[in-house]
Amino acid sequence: RWQDELPEVVCHTAYYAMYPAAFALFAARGLALPKTHHGVNVRFSENFRQVQPDGREQLGRLARALDRRLIADYDAVDTLTTDDARHARDDAMSFIAFCERLIDRSS
């Protein structure tokens with residue numbers, strides 16, 4: 001069960017579930033693939049933040065996921081909580097569903 005994992009593991013994994021979903025969306029739309037993690041956020045913002053009903057919300061989820069992943073991977077002190085892990089999981093599920101909907105529209 002995800003609740004039994006360390007919050008850092010959940011936050012890391014949630015981001016790395018979202019990352020390839022964003023890449024799949026970029027590829028489906030014929031967009032150049034970014035070379036950095038920050039570039040993923042920028043490319044998503046440039047192309048999908050205005051998508052209704054929740055593009056801007058999904059951009060926020062992606063940005064939060066990267067922030068959490070950086071904390072999980074690089075902070076010397078474990079500061080993430082089980083609430084952070086729960087939010088990371090929920091953000092990842094919503095973001096991936098959003099990307100899937102847009103990819104389906106591209107087909």
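**Close-up views of Asp54 and its chain**

**View 1. Side-chain contact of Asp54 with Gln58.** In this predicted model, the side chains of Asp54 and Gln58 are joined by a polar contact of 2.9 Å. Asp54 sits in the loop that runs between helix 2 (37-48) and helix 3 (55-74).

**View 2. Burial and sequence-distant contacts of Asp54.** Asp54 has a relative accessibility of 15% and therefore counts as buried, the cut-off for that class being under 20%. When neighbours within four places in sequence are left aside, Phe98 and Arg101 are in contact with Asp54. Pro20 lies 34 residues from Asp54 along the chain, and the C-alpha atoms of these two residues are separated by 19 Å.

**View 3. Helices and overall dimensions of the chain.** The chain holds four helices and zero strands, giving the order α-α-α-α from the N terminus on. Along the principal axes, its C-alpha atoms fill a box of roughly 40 × 25 × 20 Å. The radius of gyration is 14 Å, which agrees with the value near 13 Å for a compact globule of 107 residues.

**View 4. Packing, surface and charge of the chain.** Of the 107 residues, 38% count as buried. Among contacts between residues at least 6 apart in sequence, 61% join residues at least 24 apart. Carbon and sulfur atoms account for 54% of the accessible surface of the chain, which comes to about 6,100 Å². The chain carries 14 positive and 16 negative charges, and the mean positions of the two sets are 9 Å apart.

Conventions
Residues are numbered from 1 along each chain as its sequence is written. This is a predicted model: local features need pLDDT of at least 70, side-chain atom pairs count only at pLDDT 80 or more; totals for chains, interfaces and linings use all residues. Side-chain values use heavy atoms; hydrogens and water are left out. Helices (H or I, at least four residues) and strands (E, at least two) are DSSP runs, numbered from the N terminus. Buried means under 20% relative accessible area, exposed over 50%, partly exposed in between (1.4 Å probe, protein chains only). Contact means heavy atoms within 4.5 Å. A polar contact is a pair of N or O atoms within 3.5 Å; within protein, one must be able to donate a hydrogen and the other to accept it, and residues adjacent in sequence count only if both atoms are side-chain atoms. The radius of gyration is taken over C-alpha atoms; the globule rule is 2.2 Å times the number of residues to the power 0.38. Accessible areas come from the Shrake-Rupley method with a 1.4 Å probe; for residues, only the protein chains shown count as cover. Lys and Arg count as positive and Asp and Glu as negative; His and the chain ends are not counted. The place of a charge is taken as NZ of Lys, CZ of Arg, CG of Asp or CD of Glu.
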